[in-house]
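Student: I have a structure to go through. Can we take it piece by piece, sheet, cores and ligand?

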Amino acid sequence: MKAIGPIPAGYKAIDGELAIGGVTASALARQAGDTPLFVYSTDHLRQRVADLRAAMPQRLAIHYAMKGNPFPPLLTLMNGLVDGFDVASGGELELALAAGVDASRISFAGPGKRDRELERAISLGVTLNCESEGEVERAIAIGVKLGSTPQLAVRVNPSFDLKGSGMKMGGGAKQFGVDAERVPALVKRIVAAGAQWRGFHIYAGSQALCADAIIAMQAQTLALVEQLTSAIGEPPRHVNLGGGFGIPYFPGDEPLDIGAVGAALGEAFDALPAVLTDTHFCIELGRYLVGEAGVYLTRIVDRKISHGEIFLVTDGGLHHQLAASGNFGTVIRRNYPVTIANKFDVAPQEVVSIVGCLCTPLDKLSDQAHLPRADVGDLVAIFCAGAYGASASPANFLGQGPAREMLV
Ligand SMILES: *Cc1c(COP(=O)(O)O)cnc(C)c1O
């Protein structure tokens, strides 16, 4: 038997079944017309943003970094809940605009922006988080060609990283951002060229659960902002402090203490020098906002035994939930939180492995989990599916195609 990750708070049983947004899993599957499907909970998303705002200093704006979940109805909902959107491609930019996000509230990061993506962003007045000197030069030239002033922030590659982070995105040689020591010269170049300098974007990592690690990273980020400000001789209008807030996926993971993070950030803001009084600060979060609000539902199509071990074979798999199979940025495969959705209040009775329908041994959704007895036709629920699920999985692998998605 292998442990499973913690089921996120807020999921309850109705009539013995897992319910999302007050609707049972089997009713959701009927409504969707077929399985597999991703279900995202409006209540969960609202509550998450409300709790976060209550914990963070008022001065801090909250942005949604949409790469974890670009489902259009979810974007529309998030547009009413957060202060800004961070996109990382021209495709995400179009999705944000289609969801009604005002261009002035969008910033666009990511290496390798093509000229046509820069043109679109500049003509709309979207802030570009520039990843290199070369990108700044292309943006300036495009601004001249279009006759519009580019809004340019500089993404800084800090010399530190986020400790305990699942994915390090700062510190040392990186494809992201401009090394901190070259930033003052680049900002001066932006200002001299007549572009609008919007400030800094400093992103040091992702998926941290330790409040002290985030507090330390934010303190280092603010110290770097102070240092850059004095080297430039002018304060930034905006500072994006990055994100990195993680969610518990695996056995033993504890939720991040956002109360501690918010209190420390409030104190750090109070201690800032007067020159930064008018600077706007934001954080950009993806999975923390949406990850636990999503559940992946897949139906059991076969139950078989091999060498004494029980396998539940489902109509889903890694082509929708790559991360749960352990093949998306994890070194050791561990079990995501999982349940038999239509037996949510039944005590565990047997040890089973849950696999997908793909012809590869990688397609394992849960390994030797202790669960209620399940049969063909029952529904498996994989939690923590609201981020890096549908959009981060190879849906076309083996000709399977995408899962359905719904916001309830
Ligand atoms: C991926 C990414 C995010 C979102 O990360 P999460 O772990 O989903 O919060 C935010 N900002 C940048 C620059 C990113 O690359």
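Tutor: Start with a term: two strands pair if DSSP finds at least two bridges between them. Keep in mind that this is a predicted model.

Student: Over how many bridges do β1 and β2 pair?
Tutor: Pairing needs at least two bridges. Strand β2 covers residues 17–20, and its pairing with β1 is antiparallel. Ala13 stands opposite Leu18 in β2. The number of bridges between β1 and β2 is three.

Student: Which strands stand at the edges of the sheet?
Tutor: The sheet is open, with three strands in antiparallel pairing and the order β1-β2-β3. Each edge strand has a single partner, so one side of it is left without a neighbour in the sheet. The edge strands are β1 (12–14) and β3 (23–24).

Student: Which helix gives the largest share of the largest nonpolar core?
Tutor: That core has 105 residues. Among those with the most contacts inside it are Tyr64, Phe200 and Leu289. The largest share is nine residues, and it comes from helix α8 (residues 211–232).

Student: From which domains does this core draw at least three residues each?
Tutor: One contributor is made of two segments, 12–40 and 292–407. The other runs over 70–285. They are domain 1 and domain 2.

Student: Phe85 is listed with the most contacts inside the core. Which Met residues is Phe85 in contact with, leaving aside neighbours within four places in sequence?
Tutor: The contacts of Phe85 include His63, Tyr64, Leu75 and Ile106. Polar residues appear too, including Asn79 and Arg105. The Met residues are Met66 and Met78.

Student: How many residues does the second, separate core have?
Tutor: This core includes Tyr11, Ala29, Ala32 and Phe344. Its residue count is 17.

Student: Why does Ala141 count as partly exposed?
Tutor: Ala141 sits in helix α6 (residues 133–146). Buried means under 20% relative accessible area and exposed means over 50%. Ala141 counts as partly exposed because its relative accessibility is 46%.

Student: How far apart in space are Ala141 and Ala293, C-alpha to C-alpha?
Tutor: In sequence they are 152 residues apart. In space, the C-alpha to C-alpha distance is 42 Å.

Student: Which side chain has a polar atom 3.1 Å from a nitrogen atom of the ligand?
Tutor: Twelve residues surround the ligand; Lys67 and Ser206 are among those that come nearest. A polar side-chain atom of Lys67 is 2.8 Å from a ligand oxygen atom. Tyr203 has a side-chain N or O atom 3.1 Å from an oxygen atom of the ligand. For the nitrogen atom, the side chain is that of Glu284.

Notes:
Residues numbered from 1 in each chain as written. Predicted model: local features only at pLDDT ≥ 70, side-chain atom pairs only at ≥ 80, totals over all residues. Heavy atoms only, no water. Helix = DSSP H or I, 4+ residues; strand = E, 2+ residues; numbered from the N terminus. Core = buried A, V, L, I, M, F, W, Y, C linked by side-chain atoms within 4.5 Å. Buried < 20%, exposed > 50% of the residue type's maximum accessible area, 1.4 Å probe, protein only. Domains from an automatic or database assignment. Contact = heavy atoms within 4.5 Å. Near = heavy atom within 4 Å. Polar contact = N/O pair within 3.5 Å; in protein donor to acceptor, adjacent residues only side chain to side chain.
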